[in-house]
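Good morning, colleagues. May I ask you to turn to the screen, where the sequence and the structure will be shown.

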Protein chains: 2
Amino acid sequence: MPGQLLARGVCRHLVGHGFVTVEELVPRPGLRVDVMALGPKGEIWIVECKSSRADFMTDQKWHGYLEWCDRFFWAVDSDFPTELLPAESGLILADPYDAEILRMGPESKLAGARRKVMTQKFARHAARRLQAFRDPGVRALLPDETPPG
Amino acid sequence: MPGQLLARGVCRHLVGHGFVTVEELVPRPGLRVDVMALGPKGEIWIVECKSSRADFMTDQKWHGYLEWCDRFFWAVDSDFPTELLPAESGLILADPYDAEILRMGPESKLAGARRKVMTQKFARHAARRLQAFRDPGVRALLPDETPPG
């Protein structure tokens, strides 16, 4: 199942936990996360959605995500061979319509300064994309803050 | 000219100042701001868009907005009698396509704790509305964080 559909199910599920979400945020050039979630107490979670064994095996970057969040999770569908995944990460079982947290990622709290920067990045990312939806005429004016990574 | 069209022009113009924007954010129950903008250094501005003299004269709440932002502005079109507006507020001339800041609102910096809360509110507001656009199926799941005010 494509990662984007898993991401949709993950984002729907996280609503029930009081989290809001964005997709494809870029914490730093060269790194793009599938789902970044902001919790009711300002918690920041990252969820990487893996559609297949091959999709997981070719991702060399995941350790780089850990420093940008309080908790890290993989999201996979029910056919995914979960024994491939590192046991020390969180695990979410997802389909396009919903998801379930099977294992919480261990907490490694962000320092205050980085949390502040990430919350602002989250806000800017969400607001720019929202503005492009509510006013399609603005798209040409919006600077590209999210280069491909 | 309807306030929503002025808000569109204001939001387009603020892109050029490096600000991202949301519309109709509710800082506290009973108070709904037309435009809240988040700047490149985390600045928070509020812009109230007034379509007519009557629209302005019936707004008894504007003093209540000041404590939620670093700077406050009125946005009006070129037919508006600007002499009605308090001289100590910022002033933006707007149309549906663009705007111009005629007078900066004086700066009254938010305390750190409130800035943190407002940045998170901004992020949550933007992300929830963005999610409703990218996944219309989620709307029924989203709690209403913005009661009419």
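I shall speak about the relation between the chains, then the sheet, then one strand in detail, and lastly the aromatic contacts.

A word of caution at the outset: what you see is a predicted model.

Let me begin with the two chains. In general terms, two copies of a chain are related by a rotation about an axis and a shift along it. In the present case, a turn of 180° with a shift of 0.0 Å along the axis lays chain A on chain B, and the RMSD is 0.0 Å. This is therefore the relation of a two-fold axis. As to the contact between the copies, the same surface serves both, since 100% of the contact residues of chain A recur in chain B. Which residue of chain A comes closest to the rotation axis? That residue is A:Ala123, whose C-alpha lies at 2.0 Å from the axis.

I turn now to the sheet of chain A. Six strands make up an open sheet with mixed pairing, and their order is E1-E2-E3-E4-E5-E6. At the edges stand strand E1, residues 20-28, and strand E6, residues 99-103, each of which pairs on one side only. On average, and with direction ignored, neighbouring strands of this sheet are turned by 35° against each other.

Although E1(A) is an edge strand, seven of its nine residues are buried, so this strand is largely enclosed by the rest of the structure. One element to note here is helix H3 of chain A, residues 112-134, which lies across E1, E2 and E3 of chain A and runs at about 115° to E1(A).

Next, the pairing within this part of the sheet. E1(A) and E2(A) run antiparallel and are joined by six bridges; within this pairing, A:Thr21 stands opposite A:Ala37 of E2(A). The two strands form a hairpin with two residues between them, and A:Gly30 in the turn has a positive phi of about 95°. On the next step across the sheet, E2(A), residues 31-38, pairs with E3(A), residues 44-49, over four bridges, again in the antiparallel sense. Here A:Val35 has A:Val47 in E3(A) as its bridge partner.

For a closer view of a single strand, I move to chain B and to strand E3, residues 44-49. Is this strand mostly covered or mostly open? It is mostly covered, with six of its six residues buried. As a general point, side chains in a regular strand alternate between the two faces of the sheet. In E3(B), B:Ile44, B:Ile46 and B:Glu48 point one way, while B:Trp45, B:Val47 and B:Cys49 point the other way. The buried set thus includes B:Glu48 on one side and B:Cys49 on the other, because all of these residues are under 20% relative accessible area.

E3(B) has a strand partner in E2(B), residues 31-38, with which it pairs in the antiparallel sense over four bridges. B:Met36 stands opposite B:Ile46 in that pairing. Five residues lie between E2(B) and E3(B) in the hairpin they form, and B:Gly42 in the turn has a positive phi of about 85°. E3(B) is also joined to strand E4 of chain B, residues 71-76, by five bridges, and these two strands run parallel. In E4(B), B:Phe73 is the bridge partner of B:Val47.

I come finally to the aromatic side chains. How many aromatic pairs are there over all chains? The count comes to 17. One of them is the stacked pair of A:Trp62 and A:Phe72, at 5.7 Å centre to centre with 25° between the planes. A:Trp62 belongs to the loop between helix H2 and strand E4 of chain A, and A:Phe72 to strand E4 itself, 10 residues apart. A:Trp62 is buried at 11% relative accessible area, and A:Phe72 is buried at 4%.

A further pair, B:Phe19 with B:Trp45, is tilted, at 4.1 Å centre to centre and 35° between the planes. B:Phe19 lies in the loop between helix H1 and strand E1 of chain B and B:Trp45 in strand E3, so the pair ties together parts that are 26 residues apart in sequence. Both B:Phe19 and B:Trp45 are buried.

Returning to chain A, one aromatic cluster is formed by A:Phe56, A:Trp62, A:Tyr65, A:Phe72, A:Trp74 and A:Phe80. Two arginines complete my account: A:Arg114 lies over the face of A:Trp68, at 3.8 Å from the ring centre, and B:Arg139 lies over the face of B:Phe133, at 6.0 Å from the ring centre.

Thank you for your attention.

Definitions and conventions. Residues are numbered from 1 along each chain as its sequence is written. Chains are lettered from A and ligands numbered from 1 in the order in which they are written. This is a predicted model: local features need pLDDT of at least 70, side-chain atom pairs count only at pLDDT 80 or more; totals for chains, interfaces and linings use all residues. Side-chain values use heavy atoms; hydrogens and water are left out. Buried means under 20% relative accessible area, exposed over 50%, partly exposed in between (1.4 Å probe, protein chains only). Two strands pair if DSSP finds at least two bridges between them. Rings of Phe, Tyr and Trp (its six-membered ring) pair if their centres lie within 6.5 Å; planes under 30 degrees apart count as stacked, over 60 as edge-to-face and the rest as tilted. A charge sits over a ring if NZ of Lys or CZ of Arg is within 6 Å of the ring centre and within 35 degrees of the ring normal. Copies are superposed by least squares on the C-alpha atoms of residues with pLDDT of at least 70 in both. Contact means heavy atoms within 4.5 Å. Axes are lines fitted to C-alpha atoms, for helices over the stretch in contact, and angles run from 0 to 180 degrees between N-to-C directions.
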